[in-house]
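These are my notebook entries on a single chain, written down in the order in which I looked things up. I kept to backbone details, the sheet and the contact between domains.

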Amino acid sequence: MANVIIVGMQWGDEGKGKIVDLLCPAFDSVVRYQGGHNAGHTVKFRDRHFSLHLIPSGILHPGMRCVLGNGMVVSPPAFFGELDRLMEAGVDPAGRLFLSNRAHALLPWHAELDQAREAARGDQAIGTTSRGIGPAYEGKVSRYGVRLGDLASVDLAARLETEYRRVQVELESLGAPAPTPLDDLLVLCAGWAERLAPLLADTEVLLSEWIEGGESLLFEGAQGALLDIDHGTYPYVTSSSSTAGGACTGTGVPPTAIEGSIGVLKAYTTRVGGGPFPTELEDATGEYLRDRGNEFGTTTGRPRRCGWLDIVAARYARRLNGTGVIALTKLDVLDELEEIRVCTAYEVDGQTTPNMPPEVGAFERARPVYESVPGWQQDTAGIVEVEKLPRAARDYIRLIEDQVGGKVELVSSGPRREETAVAGGGVLEGLLGARFQNVLEARGN
Ligand code: IMP
């Protein structure tokens, strides 16, 4: 029985939702630790299809507990909207969905600020999801934020008033419309507080009790390592700690209680929003990846930028997250290609480096150094045993293991839960113990 973190090893959209969903049967609870409704997790099984943004995908597993940790920023209307859609689809969250009363409330003016600031940045725009994530975290760090547990507090009006004036001045200076009036906001807050009350909890206490009781937790990362506020490609990042370290600060669970992490890596690379992307393909192959991989944002519908697998970035992500197991996703998207390239180093200012330059200017100048491997040009969709993959696909997996480090023990060959190869006898089975069998059963054998 282990507590395990699932993280994205690229710029998000690696397919974490599917892997979390597949592994849920081996755990008692799923815990989100950062981000907000900027995330988009898609889960498909049989004829069902869910898009989740705030609520962990564990909610789709009857009886499984789901926690939104203190490291998150939660928009109450987005949360209620998602909850209502789940309930309409027959999902029963009663007694198993908990929100940290220390998580911060994402208020309407955070989105208003996000949009006004992005417009003001012009061609330096981050390309945010415009949900207000950055301003909500900024409110938290500047200690002007409102936590979910504060929404019902008696001095809420006084606290919001101070912040309201700051927001008003900033929006005006950016030429943006005035924020949602304070009185309206207070009415909204009162309604949110009432509906949230039964779901709020001191989740740090709950989680530590569950761990002491021998239960196992799956920590669900959102976004990806390269969007981490500290370790990502700053300033083109999100505003939270999306690497494995965030699981501790974002939940209150100590590092000593966490046994491992699983990195989710897409077989090629995608990115939404601005920022350097050395392996980006702005040609027919890029178009092919976007079309075949259906690379359009779950949250915003924006077309994703597509390119070859960047091993330099993946290696960095593996080190940051201590990932022992890699879940390789969307391998089938590469099926038709005659030649596949992987970037194994960068050339920056005439020097070859195996590492990611920390400074954005140098990263912008980084040119990919490619290795080329033959494609398999065979249909791999739905193959659920690694040994049954074509030889060239297995060679591609070996190359990733050799160059990135870690073991590829999960290979996703289609969007559905059933379309996943799961290797036994390795690091994953060691982490999950007897519950590894539950995963195989949920996958459908
Ligand atoms: P924000 O998180 O909305 O502030 O956006 C900051 C950057 O992170 C932008 O480039 C977004 O496109 C990117 N981003 C945020 N959430 C996701 C995600 O779930 N998947 C992929 N990119 C994301």
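Entry 1, a hairpin. I began with the hairpin of strand 3 and strand 4, where two residues lie between the strands and R46 adopts a positive phi near 40°. Strand 3 (residues 41–45) and strand 4 (residues 48–52) run antiparallel and are joined by five bridges. When I looked for the residue across from K44, I found H49 of strand 4. I note here that the model is predicted, and I read every value below with that in mind.

Entry 2, other backbone details. I then asked myself which non-glycine residue has a positive phi of about 60°. It is S130, and I located S130 in the loop that runs between helix 3 (108–121) and helix 4 (133–141). I also looked up a cis peptide bond, which joins Y234 and P235 with omega at about 5°. P235 sits in the loop between strand 10 and helix 8 (246–249).

Entry 3, the sheet. How many strands form the open sheet, and in what order? I wrote down 10 strands in the order 9-7-5-2-10-1-11-15-19-20, with mixed pairing. At the edges I found strand 9 (200–201) and strand 20 (420–422), and because each has a single partner strand, one side of each is left without a neighbour in the sheet. As a reminder to myself, strands of a sheet pair through backbone hydrogen bonds, in either the parallel or the antiparallel sense.

Entry 4, following part of that order. I took strand 7 (residues 97–100) and strand 5 together, and they run parallel with three bridges between them; within this pair, L68 has L99 of strand 7 as its bridge partner. Strand 5 (residues 65–68) also pairs with strand 2 (residues 29–32), in the parallel sense and over four bridges, and here V31 is matched with V67 of strand 5. From strand 2 I went on to strand 10 (residues 217–220), which runs parallel to strand 2 and is joined to it by four bridges. In this pairing the bridge partner of V30 is L218 in strand 10.

Entry 5, the domains. The domain assignment divides the chain into domain 1, made of 4–96 + 202–443, and domain 2, made of 104–198. I noted that the C-alpha centres of the two domains are 29 Å apart, and that 28 residues of domain 1 are in contact with 20 residues of domain 2. The size of an interface is often given as the accessible area lost when the parts come together, and I looked that value up next. Domain 1 and domain 2 bury about 1900 Å² between them, of which 61% is on carbon and sulfur atoms. Which residues of domain 1 lose the most area to domain 2? They are V73, P76 and F80, which together account for 28% of what that side buries.

Entry 6, polar links across the interface. I found nine residue pairs in polar contact between domain 1 and domain 2, counting pairs with both residues at pLDDT 80 or more. On the side of domain 1 that touches domain 2, the elements giving two or more residues are strand 6 (73–74) and helix 2 (76–88). Helix 2 gives the most to that side, with six residues. Sorting the residues of that side by kind, I noted 11 nonpolar, 15 polar and two charged.

Entry 7, salt bridges. A search of the whole structure finds 26 salt bridges, and the rule finds one across the interface of domain 1 and domain 2. I then looked at D84 and R195, which form a salt bridge whose closest N and O atoms are 2.8 Å apart. This pair links distant parts of the chain, since D84 belongs to helix 2 and R195 to helix 6 (residues 182–196), with their positions 111 residues apart in the numbering.

Technical notes
Residues numbered from 1 in each chain as written. Predicted model: local features only at pLDDT ≥ 70, side-chain atom pairs only at ≥ 80, totals over all residues. Heavy atoms only, no water. Domains from an automatic or database assignment. Contact = heavy atoms within 4.5 Å. Buried area = accessible area lost by both parts, 1.4 Å probe. Salt bridge = Lys/Arg side-chain N within 4 Å of Asp/Glu carboxyl O. Polar contact = N/O pair within 3.5 Å; in protein donor to acceptor, adjacent residues only side chain to side chain. Nonpolar A, V, L, I, M, F, W, Y, C, P; charged D, E, K, R; others polar. Pairing = 2+ DSSP bridges.
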